[in-house]
Amino acid sequence: YEEALYLIHSERQGNHALISYINELIKDTFISGLIIGFYNRAKELKVTLLLDEDSDCGKLGHLIEKHLLISILGNLVTNAFEAVEHLEEEERIVRIYIYESEKEVVCEIEDSGDGISEEMVDEIFKMKQSTKDKELRGYGLHIVQENLKALNGSIAIEKGDLGGALFIVSIPKEG
């Protein structure tokens with residue numbers, strides 16, 4: 001009984017510290033809530049999820065259609081989780097960086113997976129193109145690209161410092 005209470009108390013304190021940290025960097029409740037959900041999913045998958053300490057995002061208000069941004073982030077982070085699932089537990093790392101400037105919102109999603117070959121970079125945004133099962137997969141990045149078009153945003157893919165793919169999304173605030 002005492003051990004169970006201690007475990008619950010420790011978990012609660014850890015969650016409170018995490019939520020405070022996220023809310024300090026990301027003021028927009030929709031985005032911070034999404035990131036908290038990513039942390040919970042990462043814990044289930046035994047993935048180390050890092051919110052870059054240089055992240056800084058205020059309340060986005062009416063400047064961006066948030067449901068499109070949430071869809072973009074959701075697809076990219078889910079793909080990053082899948083990109084590291086085959087690795088040893090201590091090597092599974094996903095990093096999120098979100099920065100809001102006066103004119104744009106920049107989001108980076110990076111993983112420690114195998115990365116994306118140069119041949120695949122142009123192909124992965126097409127419908128039903130996937131590095132996984134092409135019959136059942138290949139919609140997420142197509143949706144990301146469509147949502148970015150609606151927001152007049154752009155996306156770039158590079159090799160990240162973690163060794164895997166780095167997706168850099170830029171969305172202008174003024175559409």
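## Two cysteines without a bond

Let's start with the cysteines: the sulfur of Cys107 finds its closest cysteine sulfur in Cys57, 7.4 Å away, which is too far for a bond. Seen from the other side, the closest cysteine sulfur to Cys57 is that of Cys107, again at 7.4 Å and too far for a bond. A disulfide would need the two sulfur atoms within 2.5 Å, so the structure holds 0 disulfides. Please keep in mind that this is a predicted model.

Are these two cysteines buried or exposed? Cys57 has a relative accessibility of 1% and counts as buried. Cys107 is also buried, at 1% relative accessibility.

## The overall layout

The secondary structure of the protein comes to 5 helices and 5 strands. Following the sequence, you will meet them in the pattern α-α-β-α-β-β-α-α-β-β.

Of the 175 residues in the protein, 41% are buried. The exposed surface amounts to about 10,300 Å², with carbon and sulfur atoms supplying 52% of it. As for contacts with a sequence separation of 6 or more, 66% join residues that are 24 or more positions apart.

## The nonpolar core

In soluble globular proteins, nonpolar side chains tend to be buried together. Here the largest nonpolar core has 42 residues, and Ile35 and Ile98 touch the most other members. Two or more residues come from each of α1 (2–25), α2 (29–45), β1, α3, β2, β3 (104–111), α5 and β5. Helix α3 gives the most to this core, with 9 residues.

Which residues does Ile98 touch, leaving aside those up to four places away in sequence? Among them are Ile26, Ile31 and Ile35, together with Leu73, Val105 and Val106. Ile98 also touches Ser55 and Asp56, as well as both cysteines from the opening section, Cys57 and Cys107.

## Strands β1 and β2

Strand β1 covers residues 48–51 and has two faces: Leu49 and Leu51 lie on the covered one, while Thr48 and Leu50 lie on the uncovered one. β1 pairs with strand β2 (residues 93–100) in the parallel sense, over 4 bridges. Within that pairing, Leu50 has Arg95 of β2 as its bridge partner.

Now for the rings: how many aromatic pairs are there? The count comes to 1 aromatic pair. Tyr97 and Tyr99 form it, with 6.4 Å centre to centre and 0° between the planes. Planes under 30 degrees apart count as stacked, so this pair is a stacked one. The two tyrosines are covered to different degrees, with Tyr97 buried at 17% relative accessibility and Tyr99 partly exposed at 33%.

## Strand β5 and its two partners

Strand β5 is mostly covered, since 6 of its 8 residues are buried. β5 runs antiparallel to β3, to which it is joined by 7 bridges. It also runs antiparallel to β4, here with 6 bridges.

Phe167 in β5 is a handy residue to look at in both pairings. Ile109 has Phe167 as its bridge partner, and Ile157 stands opposite Phe167 too.

## The loop between β4 and β5

β4 and β5 form a hairpin with 5 residues between the strands, where Gly163 takes a positive phi near 100°. Asp161 sits in this loop, between β4 (154–159) and β5 (165–172).

Is Asp161 buried or exposed? Its relative accessibility is 81%, so Asp161 counts as exposed. Asp161 and Ser112 are 49 residues apart in sequence, yet their C-alpha atoms are 8.3 Å apart in space.

## Helix α5

Helix α5 spans residues 140–150, and its buried residues are Gly140, Leu141, His142, Val144, Asn147 and Leu148. What do the buried residues of α5 pack against? They pack against helix α3 (66–84) and the strands β4 and β5. Helix α3, you may recall, is the element that gives the most residues to the largest core. After α5 comes Asn152, whose phi is positive, near 55°.

Conventions
Residues numbered from 1 in each chain as written. Predicted model: local features only at pLDDT ≥ 70, side-chain atom pairs only at ≥ 80, totals over all residues. Heavy atoms only, no water. Phe/Tyr/Trp six-rings, centres within 6.5 Å; stacked < 30°, edge-to-face > 60°. Buried < 20%, exposed > 50% of the residue type's maximum accessible area, 1.4 Å probe, protein only. Pairing = 2+ DSSP bridges. Contact = heavy atoms within 4.5 Å. Core = buried A, V, L, I, M, F, W, Y, C linked by side-chain atoms within 4.5 Å. Areas by Shrake-Rupley, 256 points an atom, 1.4 Å probe, with all protein chains shown as cover.
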